[in-house]
Amino acid sequence: GTGLTVAWAGVAGLGLLSLTATVLRAVHHLGEVAWTGHALFASSAAQAALAVAWTVLALAAAVVAVRRRSRPLWFFGATVLGLVVGKLLLVDLAQAQALVRIGAFLIVGTLVLLIGYRAPLPPRRPEGGPAEA
């Protein structure tokens, strides 16, 4: 029901938040970027790493959604992909170094093509079919 959908949306949001924190922590340690919001936001490496990690998450969600025939999971992946595109346009274009920006766009673009090829939107279930999780 609706309560279950809201619960899964909360779990998905916490998962995205956890992935984001993990990526930023890795950039802090491996890229020697200060552990401050300003330094991480201004870091081209952090922005590119987030774009790629979020796109890989969207790809994984879409592929699993197709296999499980789960439209809500597929829409979660599409929402994450929308966040990536918005971040690329609003944040990365404004501040990233040219090489990092080009690399992030190429990787994200390739993954988006892969999602479109490997994981199209699952069909709706017929009335009376098994419930979606």
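Here is a chat between a student and a teacher about reading a predicted model.

Reader: Okay, I'm new to this. How many helices and strands does the chain have?

Author: Start with the big pieces before any single residue. This is a predicted model, and its chain comes to 5 helices and 0 strands. If you read along the sequence, the pattern is α-α-α-α-α.

Reader: And what share of the residues is buried?

Author: Buried residues make up 32% of the 133 residues in the chain. Keep that word in mind, since we'll use it for single residues too.

Reader: Now, how do I read the way two helices pack? What about H3 and H4, say?

Author: Look for two things: how far apart the axes are, and the angle between them. For helix H3, residues 44-68, and helix H4, residues 71-95, the axes come within 8 Å and cross at roughly 160 degrees. That makes H3 roughly antiparallel to H4, because angles over 145 degrees count that way. The crossing of H3 and H4 is left-handed.

Reader: Then what are the angle and the axis distance for H4 and H5?

Author: Helix H5 covers residues 98-118, and H4 packs with H5 at an angle of about 165 degrees, with the axes 12 Å apart. So H4 is roughly antiparallel to H5. This crossing is left-handed.

Reader: Cool. Someone mentioned phi to me. Which sign do most residues have?

Author: Most residues other than glycine have a negative phi. That's why a positive value in such a residue is worth a look. Glu-32 is a case: its phi is near 50 degrees, a positive value, and Glu-32 is not glycine. Arg-69 is another case, with a positive phi near 55 degrees.

Reader: Where do Glu-32 and Arg-69 sit?

Author: In loops. Glu-32 belongs to the loop between helix H1, residues 2-30, and helix H2, residues 37-42. Arg-69 lies in the loop between H3 and H4.

Reader: Is Glu-32 buried or exposed?

Author: Compare the relative accessible area with a cut-off. Glu-32 counts as exposed because its relative accessible area is 71%, and exposed means over 50%.

Reader: What about the surface? Which residues make the nonpolar patch?

Author: A patch is a group of residues that you read together. Here Val-85, Leu-89, Leu-90, Leu-93 and Phe-105 make a nonpolar surface patch of about 470 Å². Helix H4 gives the largest share, 4 residues. Val-85 is in helix H4, and it's partly exposed, with a relative accessible area of 40%.

Reader: Last one: how do I spot residues that are apart in sequence, and what is the distance in space for Leu-121 and Ala-62?

Author: Put the sequence gap next to the C-alpha distance. Leu-121 and Ala-62 are 59 residues apart in sequence, and their C-alpha atoms are 8.0 Å apart in space. Leu-121 is found in the segment after H5, and it is partly exposed, at a relative accessible area of 36%.

Reader: Which residue goes with Ala-9 in the same kind of reading?

Author: Pro-72. Ala-9 and Pro-72 are 63 residues apart along the chain, and 9.1 Å separates their C-alpha atoms. Ala-9 is in helix H1. With a relative accessible area of 49%, Ala-9 is partly exposed. It doesn't count as exposed, because that label needs over 50%.

Methods
Residues are numbered from 1 along each chain as its sequence is written. This is a predicted model: local features need pLDDT of at least 70, side-chain atom pairs count only at pLDDT 80 or more; totals for chains, interfaces and linings use all residues. Side-chain values use heavy atoms; hydrogens and water are left out. Patches are made of residues with over 30% relative accessible area and no salt bridge: like charges are joined within 9 Å, nonpolar side chains (Val, Leu, Ile, Met, Phe, Trp, Tyr) within 5 Å. Accessible areas come from the Shrake-Rupley method with a 1.4 Å probe; for residues, only the protein chains shown count as cover. A salt bridge is a side-chain nitrogen of Lys or Arg within 4 Å of a carboxyl oxygen of Asp or Glu. Buried means under 20% relative accessible area, exposed over 50%, partly exposed in between (1.4 Å probe, protein chains only). Axes are lines fitted to C-alpha atoms, for helices over the stretch in contact, and angles run from 0 to 180 degrees between N-to-C directions. Angles under 35 degrees count as roughly parallel, over 145 as roughly antiparallel, 65 to 115 as roughly perpendicular and the rest as oblique. A crossing is left-handed if the near helix is turned anticlockwise from the far one by less than a right angle, and right-handed if clockwise.
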